[in-house]
Amino acid sequence: MQHMDAIVIGMGPGGETVASRLLAAGKRVAVVERELIGGECGYWACIPTKVLLRPPEVRQEADGAAGVSRPDLRWPELRDYRDQMIRHLDDSAQVQGYRDQGALVLRGEGRVTGRDPWRVAVGDTELTADHVVVATGSEAVRPPIEGLDDLDPSVVWTNREATTLTDVPGRAVVVGGSAVGVELGQFLARMGTRVTLVQRGPRLVDREEPRLCELISDQFDRDGVTVRLNTQVSAVARDGDGIRATLDDGEHVGADVIVLATGRRPRGGGLGLEDVGVELDRASLRVDERCRAAPGLWGVGDATGRALFTHVAKYQGRVVADNILGGDRAADYTGVPRVIFSYPEIAGVGLTEAQAREQGIDTATAEADLPQTLARPWTYDTDPRGTLGLVADRRRGVLVGAWAFSPMASEWIHTAALAIRTGLPVAALLDSIPQFPTYNEAYLIALENLRM
Ligand SMILES: Cc1cc2nc3c(=O)[nH]c(=O)nc-3n(C[C@H](O)[C@H](O)[C@H](O)COP(=O)(O)OP(=O)(O)OC[C@H]3O[C@@H](n4cnc5c(N)ncnc54)[C@H](O)[C@@H]3O)c2cc1C
Ligand SMILES: NC(=O)c1ccc[n+]([C@@H]2O[C@H](COP(=O)([O-])OP(=O)(O)OC[C@H]3O[C@@H](n4cnc5c(N)ncnc54)[C@H](O)[C@@H]3O)[C@@H](O)[C@H]2O)c1
């Protein structure tokens, strides 16, 4: 039986980061992938959603630029570019790339079949290794809606069907109003779909500052998205050529597709780990601060259930690779940015005000209305909107949270991310010199509004 330095199970962004670093360091590495190297992110999540959202965003930007006429949205060309960006669901170049780097690439479902040494089976092949990295990602949660399983699967979309759509549906009910629901709901509405977005709780984007819910709700009014808060879809049924969705208040909504955006379940289970004495935390692989689940067993990305983002999967991948290569590195999740790529973008980092209070922090908060206080929004858009909010710790004199609703917030939220991560004093931020005219100048305005 072949013995490896490391076996990586799952080749999304987390697994790819570990594998590439170990290969670059000259280690003998086997990588196991049951679908496509690149993972959910590359084919059905981050990449296609951002590709699909961009043309409607460009049209919005053109609407707001003086002297520019409204561009057409040409779906067949956008669809072709989406297909190119998701590599036509073909990862043969990636497989060859890893082989060229010296990896043993195994296609199929990986299972952990033993420990001391770690043993992994893929079909008829069995390998042993000093280290096993579990990077198996997550899958869409299917909510318990009566009649859902009786519908034709082609009209029940998770992120997979939504991001690989070939035709834009006439009507959609989007179930769930957080990152996935907001991105997909806005994309569909902007492509002409009549969208009803059904959110169980009282707020959209409920992991973020409540103000962001108000701001995105206002944008959804403009986009023509009907938002139903505190509501669930209780049943769905075929209705002629379409679907009839029944909401829990008895209302009926017609649709051509149901889009499920109700969260993700980590894929820590199903690998045989429990059989070799590794405990799971529900479906997540429980890892310590070094991303270690047991001696020689490591976890990265969504499978760990920790902040389900590609940048976190890649960060954990760097931590694990360093530790396997003999380092002693702990992961620190302070200041992880969270962006929903709607228009305008929704960005958050660190704690919300409520979370900071729960932690006993003496908080000071401030907002800056971007068009009222800055030049940049007006040079960017003839009808600008946008807000930056800050949460500070009065006692320590540092920022602990920030949020923004603005064009390009994904880029300039990193000022706050770095300040929060490094504990940069508010006084130092106030003495910084942001470029004029930029959105980044909003920090000075909001910081001056903070009553520390
Ligand atoms: C619609 C949508 C949009 C998103 N947009 C963003 C975004 O813009 N930015 C962002 O940071 N995050 C985004 N995310 C989250 C992001 O996709 C995930 O956090 C990221 O993909 C996690 O990477 P990963 O490597 O842990 O897992 P994955 O990308 O899920 O990859 C895991 C891989 O493991 C493989 N696998 C699973 N089990 C086995 C097994 N037993 N044997 C072999 N292989 C196996 C799978 O086939 C898969 O290829 C989005 C998510 C969704 C749903
Ligand atoms: N731009 C990005 O970085 C990006 C984009 C998309 C997804 N993601 C990641 O993917 C993960 C999954 O995103 P998500 O939005 O699917 O999940 P989520 O867990 O963040 O939100 C799910 C939402 O659906 C609602 N919901 C759950 N069950 C419901 C039901 N039966 N009826 C109505 N509403 C219901 C919840 O109240 C919640 O607001 C997130 O953790 C996020 O980090 C990131």
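Is Asp 302 buried or exposed? Select Asp 302 to begin: with 33 C-beta neighbours inside 10 Å, Asp 302 counts as buried. The scale behind that word calls a residue buried if 20 or more other C-beta atoms lie within 10 Å of its own, exposed if 12 or fewer, and partly exposed in between, with C-beta atoms placed from the backbone.

Before moving on, note that this is a predicted model, in which local features need pLDDT of at least 70 and side-chain atom pairs count only at pLDDT 80 or more, while totals for chains, interfaces and linings use all residues. Residues are numbered from 1 along each chain as its sequence is written, and chains are lettered from A and ligands numbered from 1 in the order in which they are written.

**Stop 1: around Asp 302**

Asp 302 sits in the loop between β20 (297-299) and α9 (310-324); helices (H or I, at least four residues) and strands (E, at least two) are DSSP runs, numbered from the N terminus. Show its contacts next (C-beta atoms, placed from the backbone, within 7 Å). Not counting residues up to four places away in sequence, Asp 302 touches Gly 137, Ser 138, Arg 264, Pro 266, Leu 308 and Ala 313.

Now add Lys 50, Gly 110, Thr 136, Gly 137 and Ser 138, which together with Asp 302 carry the UniProt annotation "binding site" from an unreviewed entry. UniProt positions are given in the numbering used here, feature names are shortened, and annotations may be inferred rather than shown by experiment. This set spans 253 residues of sequence and is also spread in space, up to 30.1 Å between C-alpha atoms. Click on Lys 50 in helix α3 (residues 46-63): Lys 50 is partly exposed, with 14 other C-beta atoms within 10 Å.

**Stop 2: a second annotated set**

Select Gly 176, Gly 177, Ser 178, Ala 179, Val 180, Gly 181, Val 182, Glu 183 and Gly 263, also covered by "binding site" in the unreviewed UniProt entry. Although spread over 88 residues of sequence, they cluster in space, with a largest C-alpha distance of 13.4 Å.

Val 180 lies in helix α7 and is buried, with 24 other C-beta atoms within 10 Å. Beyond its neighbours within four places in sequence, Val 180 is in contact with Asn 159 and Ala 261. Val 182 is also placed in helix α7, and it is buried, with 26 other C-beta atoms within 10 Å. With the same neighbours in sequence set aside, its contacts include Leu 204, Ile 216 and Ile 340.

**Stop 3: ligand 2**

Which residues are closest to ligand 2? Gly 176, Ser 178, Ala 179, Arg 200 and Gly 263 are, out of 25 that surround ligand 2, each counted when its C-beta atom, placed from the backbone, lies within 6 Å. Colour α7 (179-190) and β21 (337-340), the elements that give two or more residues to this shell; α7 supplies the largest share, 4 residues.

Domain 2 (148-262) and domain 3 (337-449) both contribute to the shell, so ligand 2 lies between them. Domain bounds come from an automatic or database domain assignment.

**Stop 4: where the domains meet**

Finally, colour by domain. The centres of domain 2 and domain 3, taken over C-alpha atoms, are 30 Å apart. Their contact takes 12 residues from domain 2 and 13 residues from domain 3. On the domain 2 side, α7 and α8 (210-223) are the elements giving two or more residues, and the largest share, 5 residues, comes from α8.

Conventions:
Two residues are in contact if their C-beta atoms, placed from the backbone, lie within 7 Å.
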